[in-house]
Amino acid sequence: MLSGSEFQKQDIFSACILSRSMKGSQVLMDIKWMNEQEKGMTLHRRADMLWLSFPELDAFSWLKNGYSTRFGGVSEGDYASLNFSISREGSPEHVKENYRRFAETLELNPEHLVCTQQTHTATVIRVGRNEWGNGYGRKPDWTDVDGLITNEPDVVLAIQTADCVPLYFVDPVHHAIGLSHSGWRGTAAGIGRVTIGMMQKEFGSDPREMYAAIGPCVCQDCYEVDEPCAKNFPGCYTKPLGNGKYLLDLQGVNRGMFAEAGIPVSHIAMPNICTCCNPDLLFSHRASHGRCGTNCGILAMVR
């Protein structure tokens, strides 16, 4: 259980957290972990802000990684309180303030944010300081971009998800990173493989030396799809329910994709938490029937 000190973190095994609700009162929130016996992400708190990070990536002193929760922002109603989607909420001022708060909590400059413009593609682009502010201080200079890579420090990569899969990539040899948004269409198109390939091409990255992490997303038990969708994936990642319905394991598909690309399994971090199973902590499109904001994944190199 978290106390009210300025900054604390706890392991993902914990059964509950004490935090501020979106209305400011103290509430006891149960968290449902996918597997109580496996290590996963780390939960942090600073003031009203709660966020998750990967201990495997926290080990790199030159790297900042994070995944937001619903706590610590200024949005209201279905989007309370740390929403990152302007199109859903319709309040650019709230979203910009939420970005500022989250970036500064991670000790990053919000003016250095570079955001995707996501449309479920497998398009990945290289960005740098010339792209500072895209999607934060101004509209992005691009469209249909679901993945970003960089080898420049102080470039804060950001994606938005609410059940889709956040994919984090780190090359500790060439000091390069990537961050991609992968829904079922992006996963079927292999955006994880594309991101790795782009880092090989642009930075000389060797997958055998890379690290990857799969962020909070919908788990297989919560992700029912129809047969046309399921046919895009190997049968080992789908469970038939009958009547043309299946349960799809997006986490498993992406983990397998990373391994096939050459990233050692021991270098692949898993989240151990499902967005749909924890709608009070994380935004989930499925759990809310589309009435929600989006979470934010951040990855950046620092000097």
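**Cysteines, a sheet and helix 3**

The sulfur of Cys219 lies 3.5 Å from the closest cysteine sulfur, in Cys274, which is too far for a bond; a disulfide is a pair of cysteine sulfur atoms within 2.5 Å. The model is predicted: local features need pLDDT of at least 70, side-chain atom pairs count only at pLDDT 80 or more, and totals for chains, interfaces and linings use all residues. Residues are numbered from 1 along each chain as its sequence is written, and side-chain values use heavy atoms, with hydrogens and water left out.

**Cysteines**
- The structure holds 0 disulfides.
- Cys115 is in no disulfide, and the nearest cysteine sulfur, that of Cys296, is 6.8 Å away.
- Cys219 counts as buried (under 20% relative accessible area, 1.4 Å probe, protein chains only) because its relative accessibility is 8%.
- Cys115 also counts as buried, at 1% relative accessibility.

**Sheet**
- An open sheet is formed by 6 strands (DSSP E runs of at least two residues) in the order 8-9-12-11-13-17, with mixed pairing.
- Strand 8 (124-126) and strand 17 (268-269) stand at the edges with a single partner strand each, so one side of each is left without a neighbour in the sheet.
- Strand 13 (residues 211-214) pairs with strand 17 in the parallel sense over 2 bridges; pairing requires at least two DSSP bridges.
- Ala212 stands opposite Ile268 in strand 17.

**Helix 3**
- Helices are DSSP runs of H or I with at least four residues.
- Val95, Asn98, Tyr99, Phe102, Ala103 and Thr105 of helix 3 are buried.
- These residues cover an arc of only 160° around the axis, which puts them on the same side of helix 3; the arc is taken from the directions from the helix axis to the C-beta atoms.
- Glu107 follows helix 3 and has a positive phi, near 65°.

Terms used
Buried means under 20% relative accessible area, exposed over 50%, partly exposed in between (1.4 Å probe, protein chains only).
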